[in-house]
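Let's take a walk through a protein model together, one stop at a time. Keep the structure open beside you and find each residue as its name comes up.

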Amino acid sequence: MKKVVILATGGTIAGVSHDPTDTVSYHAGIVPIEKIVKAIEPLTAIADIATEQIAQIDSADMNHKIWFYLTERINALLKQPDVDGIVVTHGTDTLEETAYFLNLVVKSEKPVVLVGAMRPATAISPDGPMNLYNAIILAVSRTARGKGVLVSLNDTINSSREVTKTNTALQDTFKAPELGYLGYIIDGCPHFYRMPTRKHTYMTDFDISGINELPQVDIIYGHVNDTGILAQAAVASGAKGLIYAGLGNGNMSETMKNTFRKIQARGVIVVRSTRAGNGVVTKNSVLAEDHDRFVAADTLSPQKARILLMLALTKTSDPQKIQDMFWTY
């Protein structure tokens, strides 16, 4: 029987409410992972399961320290020949960010699957148990190897690079709106229909084993009549990079162009993403980018562009080299 290690961080999947009909006013990260696993009897038939309680938090409180520890544990565990896969339980609010971070720093082709729930464990019909069951099936599947860090909820399989939370409450919230699911889990069996094409996990150049912290990168949200004050404040507080969630194709007003040019002159990297939610942010001749040295985010959301830029800044501050990373990862 294959072995899976579940690393638990809390979230709604471990949440508790005072009323079984209450799926909104609950406390996240209360139920220990060992108790959750024991309550799902069919799990014993699909894998030898070990558990570790890494944290018990609402995922709004996820931080870089926990990311570093998760990375260290996952890489160490996957080096063990008897460990076939990892499942990370996680709150849904920041699950996509943790998944993409791990997608860039885990150094193994063995499956790593992130899973959560939209209803607390005490709800009348919680989605957590089935989601966890499917995640373990995926983690022991040979077909999941080499596909990067995966996200599995509501019978779907998503790439950590493209997946995002699309609804505040519904169970089918995790989707890749334009690029689509990688596949489905049907009757206890993973079915893949497409492959991730961008480099990930063991194929990346990122190694955080000798790093204690990540460079500060902040997100600035574009809007009408933006004065640039928040961008300036971020740099004043120590930001080494900024993600601009821009208008349309990462566009910006003349005021923001002038603000960012001054910021770039101080050596700060500026990445153009979009607030539109979907689409490719391309190189834009209107912005004279070869001169202004903006980096285009490609299809990465602002929150995921931030993760890639933080890791990129651990290696270089050259905008062209960083742009190449955005085309690669």
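**A network of charged side chains**

Arg161, Glu162, Arg194, Arg198 and Asp298 are joined in a network of salt bridges. Before you look closer, keep in mind that this is a predicted model.

A good place to enter the network is Asp298. Its side chain meets that of Arg161 in a salt bridge, with 3.1 Å from N to O. Now look at where the two partners sit. Asp298 belongs to the loop between strand S14 (295–296) and helix H8 (302–313), while Arg161 belongs to the loop between strand S6 (156–159) and strand S7 (164–165). With their positions 137 residues apart, the pair links distant parts of the chain. Are these two residues buried or exposed? Both Asp298 and Arg161 are buried.

Asp298 also forms a salt bridge with Arg198, and here the closest N and O atoms are 2.9 Å apart. Arg198 lies in the loop between strand S10 (189–192) and strand S11 (217–221), so this pair, too, links distant parts of the chain, 100 residues apart. How accessible are the two ends of this bridge? Asp298 has a relative accessible area of 7%, which means that it is buried, as the cut-off is under 20%. Arg198, with a relative accessible area of 24%, is partly exposed.

**Another bridge between loops**

The structure holds 11 salt bridges. One of them brings together the side chains of Glu109 and Arg145, at 3.1 Å from N to O. Why can we say that this pair ties together parts that are 36 residues apart in sequence? Glu109 lies in the loop between helix H3 (95–105) and strand S4 (112–115), and Arg145 lies in the loop between helix H4 (128–139) and strand S5 (149–151), so the bridge connects these two loops. Glu109 is partly exposed, at 36% relative accessibility. Arg145 is partly exposed as well, with a relative accessible area of 35%.

**Two pairs of helices**

Next, let's turn to the helices. Two packed helices are described by the angle between their axes and the distance between the axes.

Find helix H2 (residues 64–78) and then H3. Their axes come within 11 Å and cross at roughly 50°. An angle of this kind is neither roughly parallel nor roughly perpendicular, and H2 and H3 are therefore oblique to each other. H2 passes H3 in a right-handed crossing. Which residues make the contact? On the H2 side they are Trp67, Leu70, Thr71, Ile74 and Asn75, and on the H3 side they are Glu97, Thr98, Phe101, Leu102 and Val105. Sorted by character, the residues of this contact are six nonpolar, three polar and one charged.

Now move along the chain to helix H5 (residues 229–236) and helix H6 (residues 254–264). The axes of H5 and H6 come within 10 Å and cross at roughly 15°. H5 and H6 are therefore roughly parallel to each other, since angles under 35 degrees count as such. Their crossing is right-handed. H5 brings Ala231, Gln232 and Val235 to the contact, and H6 brings Thr259, Phe260 and Ile263. The residues of this contact divide into four nonpolar, two polar and no charged.

**A buried alanine**

Our next stop is a single residue, Ala312, which has its place in helix H8. Is Ala312 buried or exposed? Its relative accessible area is 0%, so Ala312 is buried. Leaving out residues up to four places away in sequence, Ala312 touches Phe206, Ile322 and Met325. You can also find Leu214, which is 98 residues from Ala312 along the chain; the C-alpha atoms of the two are separated by 9.8 Å.

**Two residues with positive phi**

Finally, let's look at the backbone. Thr201 is not a glycine, yet it has a positive phi of about 40°. Thr201 is placed in the loop between S10 and S11. At 3% relative accessibility, Thr201 counts as buried.

Asn225 also has a positive phi, of about 65°, although it is not a glycine. Where is Asn225 found? Look in the loop between S11 and H5. Asn225 counts as exposed, at 68% relative accessibility, whereas Thr201 counts as buried.

Terms used: Residues are numbered from 1 along each chain as its sequence is written. This is a predicted model: local features need pLDDT of at least 70, side-chain atom pairs count only at pLDDT 80 or more; totals for chains, interfaces and linings use all residues. Side-chain values use heavy atoms; hydrogens and water are left out. A salt bridge is a side-chain nitrogen of Lys or Arg within 4 Å of a carboxyl oxygen of Asp or Glu. Helices (H or I, at least four residues) and strands (E, at least two) are DSSP runs, numbered from the N terminus. Buried means under 20% relative accessible area, exposed over 50%, partly exposed in between (1.4 Å probe, protein chains only). Axes are lines fitted to C-alpha atoms, for helices over the stretch in contact, and angles run from 0 to 180 degrees between N-to-C directions. Angles under 35 degrees count as roughly parallel, over 145 as roughly antiparallel, 65 to 115 as roughly perpendicular and the rest as oblique. A crossing is left-handed if the near helix is turned anticlockwise from the far one by less than a right angle, and right-handed if clockwise. Contact means heavy atoms within 4.5 Å. Ala, Val, Leu, Ile, Met, Phe, Trp, Tyr, Cys and Pro count as nonpolar, Asp, Glu, Lys and Arg as charged, and the others, Gly among them, as polar.
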